Amino acid sequence: IVSSISTHIPLLKGGGMAIISGVSKTQDFECVHNVAVIFRKLAANSAVHEIFFTDESINAVIDLVANRNTQTVLQSAAALRDISSNPEFQLAFVESGAMQAAVELAVSDSDIEAKIVALGVIRHISMSMSLKTRIMRSGVANIISRCIETSDDCDLLYQCVSSIANIAEHA
């Protein structure tokens, strides 16, 4: 049902997002993973981004990024990346702690793919003129430097260099 963008808003009206977020707190591994997949599919639809913040479901996505299951982390981090690409909600995104969650994932011992997605969040946020100073204060420059020094993965390096370019532009 969430594979079709046309069903997103009707599904979420009337508290649907809160119900989905609630399921993310269960102890059932499969349910939690499926919620991460649902968040990923919903986050691809920019019309839904506001609901992530009005229902505070962004907090459930942030919590899932800290999950121990690699696939759940990847799905949740991808949802954060998609939401972070929407300039309309970038300030709310940073204020919710979502950027910090991405920063923590980027410096963790997590899977390289998860780091790449987390750095994609930073790349999106770094395009915001009003957030450049806040980004630099968060220690992102050091994190990016460490990633560049310790990796030869082309995708990871692309995210790092693009973030630096975005931060430097009009700084």
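Which residue forms a salt bridge with Glu95? To find out, open this predicted model and select Glu95 together with Arg134. These two form a salt bridge, and their closest N and O atoms are 4.0 Å apart. Now zoom out a little: the pair links distant parts of the chain, with Arg134 in helix H10 (residues 132-137) and Glu95 in helix H7 (residues 90-95), 39 residues apart. Turn on the surface and check each partner. Glu95 counts as exposed because its relative accessibility is 54%, over the 50% cut-off. Arg134 has a relative accessible area of 36%, so it is partly exposed.

**Next stop: Arg40 and Asp82**

The structure holds three salt bridges, so keep those side chains on show. Select Arg40 and Asp82, which form another one, with the closest N and O atoms 2.4 Å apart. This pair also links distant parts of the chain: Arg40 sits in helix H3 (residues 29-43) and Asp82 in helix H6 (residues 70-84), 42 residues apart.

Is Asp82 buried or exposed? It counts as buried, because its relative accessibility of 15% is under the 20% cut-off. Arg40, at 24%, is partly exposed.

Don't clear the selection yet; add Arg81. Its side chain meets that of Asp82 in a salt bridge too, at 3.6 Å from N to O. With Arg81 in view you can see a network of salt bridges linking Arg40, Arg81 and Asp82.

**Then: where H3 meets H5**

Stay with H3 and bring in helix H5 (residues 58-65). The two pack at an angle of about 120°, and their axes are 11 Å apart. That angle makes H3 oblique to H5. Rotate the view until one helix lies in front of the other, and you'll be looking at a left-handed crossing.

Which residues of H3 meet Ala60, Val61 and Leu64 in H5? Select Val32, Val35, Ala36 and Phe39: those are the H3 side of the contact. Try colouring the contact residues by type. You'll get seven nonpolar, no polar and no charged.

**Last stop: Ser145**

Finally, jump to Ser145, which lies in helix H11 (residues 140-150). Ser145 is partly exposed, because its relative accessibility is 36%. Now pick Ala106 as well and use the distance tool on the C-alpha atoms. Ala106 and Ser145 are 39 residues apart along the chain, and their C-alpha atoms are separated by 12 Å.

Conventions:
Residues are numbered from 1 along each chain as its sequence is written. This is a predicted model: local features need pLDDT of at least 70, side-chain atom pairs count only at pLDDT 80 or more; totals for chains, interfaces and linings use all residues. Side-chain values use heavy atoms; hydrogens and water are left out. Helices (H or I, at least four residues) and strands (E, at least two) are DSSP runs, numbered from the N terminus. Buried means under 20% relative accessible area, exposed over 50%, partly exposed in between (1.4 Å probe, protein chains only). Axes are lines fitted to C-alpha atoms, for helices over the stretch in contact, and angles run from 0 to 180 degrees between N-to-C directions. Angles under 35 degrees count as roughly parallel, over 145 as roughly antiparallel, 65 to 115 as roughly perpendicular and the rest as oblique. A crossing is left-handed if the near helix is turned anticlockwise from the far one by less than a right angle, and right-handed if clockwise. Contact means heavy atoms within 4.5 Å. Ala, Val, Leu, Ile, Met, Phe, Trp, Tyr, Cys and Pro count as nonpolar, Asp, Glu, Lys and Arg as charged, and the others, Gly among them, as polar.
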